[in-house]
Amino acid sequence: MTRAVLSLGSNLGDRYAELCAAVAALDDELLVASGVYETPPWPPGEQVPPYLNAAVLVCDQGDDPYHWLRRARELEAAAGRTRSEARPPGAPHEPRPLDVDVVMVWGADDQPVVANEPEFTLPHPRAHLRAFVLRPWLDIQPYAALPGHGWVTDLMRTEPVAGEVTQLSPRPELPLQSGA
Ligand SMILES: Nc1ncnc2c1ncn2[C@@H]1O[C@H](COP(=O)(O)OP(=O)(O)OP(=O)(O)O)[C@@H](O)[C@H]1O
Ligand SMILES: Nc1nc2c(c(=O)[nH]1)N=C(CO)CN2
């Protein structure tokens, strides 16, 4: 069995509908979903529309961490996201109906899975820098910790994340379905 935290983001089209569709498609794999947050583009200063972000805790009976990368790609494809050429270094992130990142995976032994492939790096290599990942994650795992970076609550109180947390807006009027 593996468990994972996935980060969901949308800044194109009906953003809330895209998040709801992704959560619904996770179906039996969904354990719990965070609240929804309106977030300014990261990195700060990118000239793209604001995002809605959320995080989900999910579970699969198989033993393959790559399952979650495949699921992330499937959810993005179902939302109509087409992948263009690799983004040149420093270029802005294109607006997208749905972006799904695999933040962390735990194996059957409950230990974090570490992966160092460019196509699949675990934990996600930029998660510790991103208030839009860490804040929703805390909703679903209040004692979350990132291997190599410590407690998520500590990251949230330390720059560069601390300054960005103040710019996230909870959107409690936009609930996501939680797992059974
Ligand atoms: N933990 C991970 N979760 C999702 N994708 C990953 C992960 N590790 C590596 N990747 C790879 O990152 C590449 C870029 O993914 P994507 O196009 O979603 O990037 P992005 O959303 O524009 O930016 P960022 O990677 O900073 O979130 C993909 O080819 C994917 O295989
Ligand atoms: N606020 C915010 N910024 C981003 C996001 C996102 O989901 N939310 N996703 C990105 C690419 O993964 C890049 N920047």
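**Exercise 1.** What share of the contacts in the chain with a separation of 6 or more comes from residues 24 or more positions apart?

*Solution.* Start with what counts: contacts in the chain with a separation of 6 or more. Then pick out the pairs 24 or more positions apart; they account for 70% of these contacts. Keep in mind that this is a predicted model.

**Exercise 2.** How many helices and how many strands does the chain have, and why can the chain be called as compact as a globular protein of its length?

*Solution.* Count the elements: five helices and ten strands. Next, take the radius of gyration, which is 15 Å. The globule rule gives 16 Å for 180 residues. The two values are close, so the chain is as compact as a globular protein of that length. For the extent, look along the principal axes: the C-alpha trace spans about 40 × 35 × 35 Å. Finally, 36% of the 180 residues are buried.

**Exercise 3.** Which residues surround ligand 1, and which elements give two or more of them?

*Solution.* List the shell: Ala72, Arg87, His93, Asp99, Asp101, Val102, Glu119, Phe120, Thr121, Leu122, His124 and Arg126. Now place them on the elements. Strand E5 (99–106) and strand E7 (120–122) each give two or more residues to this shell. Sort the shell by character: four residues are nonpolar, three polar and five charged.

**Exercise 4.** What confidence scores does the model carry?

*Solution.* Begin with the residues: the average pLDDT of the chain is 94. A score of at least 70 is reached by 97% of the residues. Where pLDDT is low, predicted coordinates should not be read in detail. Then take the whole model: ipTM is 0.96 and pTM is 0.96.

Methods:
Residues numbered from 1 in each chain as written. Chains lettered and ligands numbered in written order. Predicted model: local features only at pLDDT ≥ 70, side-chain atom pairs only at ≥ 80, totals over all residues. Helix = DSSP H or I, 4+ residues; strand = E, 2+ residues; numbered from the N terminus. Rg over C-alpha atoms; globule rule 2.2 N^0.38 Å. Buried ≥ 20, exposed ≤ 12 C-beta atoms within 10 Å, placed from the backbone. Contact = placed C-beta atoms within 7 Å. pLDDT = per-residue confidence, 0-100. Near = placed C-beta within 6 Å. Nonpolar A, V, L, I, M, F, W, Y, C, P; charged D, E, K, R; others polar.
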